[in-house]
Amino acid sequence: MSRRDVRVNVLVWRPRDPSAPADLSYGWPRVLQVRSTGTPWQLPGVLLRPGEGIMSAAGRAAYALGLELPPVHRALTLDQRPAAAGEPEQLVIIVDGGWTDGDDVHVTDHSTSPCPHDCQHERRWASAENLADEIGTTTALSAALGKTPAFVVSRGGAAP
């Protein structure tokens with residue numbers, strides 16, 4: 001049997017107009033992306049540990065960003081990625097990390113910022129144009145905005 005990793009990514013987005021977060025009349029929101037030096041930009045996330053719940057893993061990723069997950073825990077998309085170049089097959093679960101006005105994420109528009117924690121990655125707010133090849137991310141963003149259905153994983157602070 002081939003190896004499969006389960007990755008839990010957190011979608012954190014910044015609306016164009018924080019007074020009306022789901023209003024798309026000013027354009028699609030920006031999405032928080034991270035990368036280590038020399039790697040592609042991606043949603044922040046972690047590998048699911050054996051026996052760990054999805055929301056626990058999402059909480060670890062949010063904590064690394066200095067954020068808390070919203071009270072309603074939603075899995076926005078599931079994406080199965082085939083094995084490639086010596087890497088295992090991946091199941092990617094994108095969880096709703098909520099929206100922010102951006103001030104608590106330590107990133108300025110159109111630039112990169114180092115992580116405020118003691119780690120080696122950069123952050124940026126990516127526009128919808130930068131997500132064109134990320135079908136899972138754009139589908140998750142659409143679900144976060146209420147344009148397509150999402151899966152409710154749990155309500156409240158505790159994961160099942």
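## Burial and surface

Of the 160 residues in the protein chain, 42% are buried. This is a predicted model. The chain's accessible surface comes to about 8,800 Å², and carbon and sulfur atoms account for 53% of that area.

## Fold outline and contacts

The protein chain contains two helices and eight strands. Read from the N terminus, the order of elements is β-β-β-α-β-β-β-β-α-β.

Contacts between residues at least 6 apart in sequence can be split by separation: 66% of them join residues at least 24 apart.

## Confidence

The average pLDDT of the protein chain is 79, and 75% of the residues score at least 70. Among the elements, strand 3 (residues 45-47) has the highest mean pLDDT, 94, and strand 6 (residues 113-114) has the lowest, 48.

Residues 108-114 have pLDDT below 50. In the model this stretch makes 18 contacts beyond near neighbours in sequence. The pLDDT is also below 50 over residues 154-160, a stretch with 13 contacts beyond near neighbours in sequence.

## Salt bridges

Four salt bridges are found in a search of the whole structure. One of them joins R4 and E89, with the closest N and O atoms 3.3 Å apart. R4 belongs to strand 1 (residues 4-14) and E89 to strand 5 (residues 89-99), so this pair links distant parts of the chain, 85 residues apart. The two partners differ in burial: R4 is partly exposed, with a relative accessible area of 47%, whereas E89 is buried, at 14%.A second salt bridge is formed by the side chains of E122 and R35, at 3.0 Å from N to O. E122 is in strand 7 (residues 121-126) and R35 is in strand 2 (residues 30-36), so the pair ties together parts that are 87 residues apart in sequence. E122 is partly exposed, with a relative accessible area of 27%. R35 is also partly exposed, and its relative accessible area is 27%.

R74 and D96 form another salt bridge, in which the closest N and O atoms are 2.7 Å apart. Because R74 lies in strand 4 (residues 72-81) and D96 in strand 5, this pair ties together parts that are 22 residues apart in sequence. R74 has a relative accessibility of 17% and therefore counts as buried, the cut-off being under 20%. D96 is buried as well, with a relative accessible area of 8%.

## Aromatic pair

The count of aromatic pairs comes to one. The ring centres of W13 and W99 are 6.4 Å apart and the planes stand at 40°, so the pair is tilted. For that label, the angle has to be neither under 30 degrees (stacked) nor over 60 (edge-to-face).

W13 is in strand 1 and W99 in strand 5, and the pair links distant parts of the chain, 86 residues apart. W13 is buried, with a relative accessible area of 4%, while W99 counts as partly exposed at 41% relative accessibility.

## Links between strands 1 and 5

Two of the pairs described above involve strand 1 and strand 5. The salt bridge partners R4 and E89 lie in strand 1 and strand 5, and the tryptophans W13 and W99 also lie in strand 1 and strand 5. Strand 5 further holds D96, the partner of R74 in strand 4.

Methods:
Residues are numbered from 1 along each chain as its sequence is written. This is a predicted model: local features need pLDDT of at least 70, side-chain atom pairs count only at pLDDT 80 or more; totals for chains, interfaces and linings use all residues. Side-chain values use heavy atoms; hydrogens and water are left out. pLDDT is the predictor's confidence in each residue, from 0 to 100. Helices (H or I, at least four residues) and strands (E, at least two) are DSSP runs, numbered from the N terminus. Contact means heavy atoms within 4.5 Å. Buried means under 20% relative accessible area, exposed over 50%, partly exposed in between (1.4 Å probe, protein chains only). Accessible areas come from the Shrake-Rupley method with a 1.4 Å probe; for residues, only the protein chains shown count as cover. Rings of Phe, Tyr and Trp (its six-membered ring) pair if their centres lie within 6.5 Å; planes under 30 degrees apart count as stacked, over 60 as edge-to-face and the rest as tilted.
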